[in-house]
Amino acid sequence: MKKLLLFLLPALLVLGSCNRKQMLLTRASHTVLEGVDDHSYIYIEYDEDTKGAYLNETNRIAGTNYLFAIERELNLLDVAKMVKKVKDHKYDQENMHSDEKGVFYIYVDSLHKNRAWFPFKDINFAFTGPTALENVVYVEGANDFIFEGNKMNREELMTSIQQRDSIQLGFNKELSFETYLQVRVLLEEKEISAKFQQSDLVY
């Protein structure tokens, strides 16, 4: 019972601030981090009026860890541009006070039935394609990958990159945010995230 309450309480805190409807967070099957102290929430929600992503920063507090709660079905390109804008402002070298706190995505570990956090302070977005195919993994879908021009599924990809390093990740700009985060969580679960560059291309 106590464990159930620990799971539901943060869910209620997130959902209670969204006033319009329940926010559906990304689902994955691995917990990267179990919690973050000294934080404030940033929401990227579905806007009924524009039929797109809406950035809600009303609960953001400067100098805290930023927790991004993002509607899982939102378009990755739209979300990535908003996340980059907030992150660039947080770590702007011209700010009066330097900010060393982190930024995290919140998601649900559906296998272990708990809320989880994914740190991405060192992961950035760029909105251009690669200059060459060598060492490039392009994510077309949840289980559809192209590695150096060759289409493959998840298992085939894991085998193909075993002896590689400094791999560039590219993502189809039409993907959902959920698919993007599931791939990033997968790399942590397989303990191979160090093989990948820290700039994700969305194009």
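Select S8 (136–141) and strand S11 (residues 168–171), which pair in the parallel sense over four bridges. Strands here are DSSP E runs of at least two residues, helices are H or I runs of at least four, and both are numbered from the N terminus. Two strands count as paired if DSSP finds at least two bridges between them. Strands of a sheet pair through backbone hydrogen bonds, either parallel or antiparallel. Within this pair, show tyrosine 138, which stands opposite glycine 170 in S11.

The model is predicted: local features need pLDDT of at least 70 and side-chain atom pairs count only at pLDDT 80 or more, while totals for chains, interfaces and linings use all residues. Residues are numbered from 1 along each chain as its sequence is written, and side-chain values use heavy atoms, with hydrogens and water left out.

Next, extend the selection to the whole sheet. This is an open sheet of six strands in the order S7-S12-S11-S8-S9-S10, with mixed pairing. S7 and strand S10 (150–152) are the edges; each has a single partner strand, so one side of each lacks a neighbour in the sheet. On average, neighbouring strands of this sheet are turned by 30 degrees against each other, direction ignored.

Now add the helices. Helix H2 (residues 76–90) packs on the sheet and touches S7, S11 and strand S12 (199–202). The direction of H2 makes about 125 degrees with that of S7. Helix H4 (residues 177–189) also packs on the sheet, touching S7, S8, strand S9 (144–147), S11 and S12, and its direction makes about 160 degrees with that of S11. Axes are lines fitted to C-alpha atoms, for helices over the stretch in contact, and angles run from 0 to 180 degrees between N-to-C directions. Contact means heavy atoms within 4.5 Å.

Move to phenylalanine 68. Leaving aside neighbours within four places in sequence, phenylalanine 68 is in contact with Ile42, Ile44, Val83, Val86, Val103, Phe104, Tyr105, Ile106 and Phe120. Ile44, Phe68 and Tyr105 touch the most other members of the largest nonpolar core, which has 47 residues. Such a core is a set of buried Ala, Val, Leu, Ile, Met, Phe, Trp, Tyr and Cys residues joined through side-chain atoms within 4.5 Å. Buried means under 20% relative accessible area, exposed over 50%, and partly exposed in between (1.4 Å probe, protein chains only).

Finish at asparagine 135, in the loop between strand S7 (124–126) and S8. Asparagine 135 has a positive phi of about 65 degrees although it is not a glycine, and at 15% relative accessible area the residue is buried.
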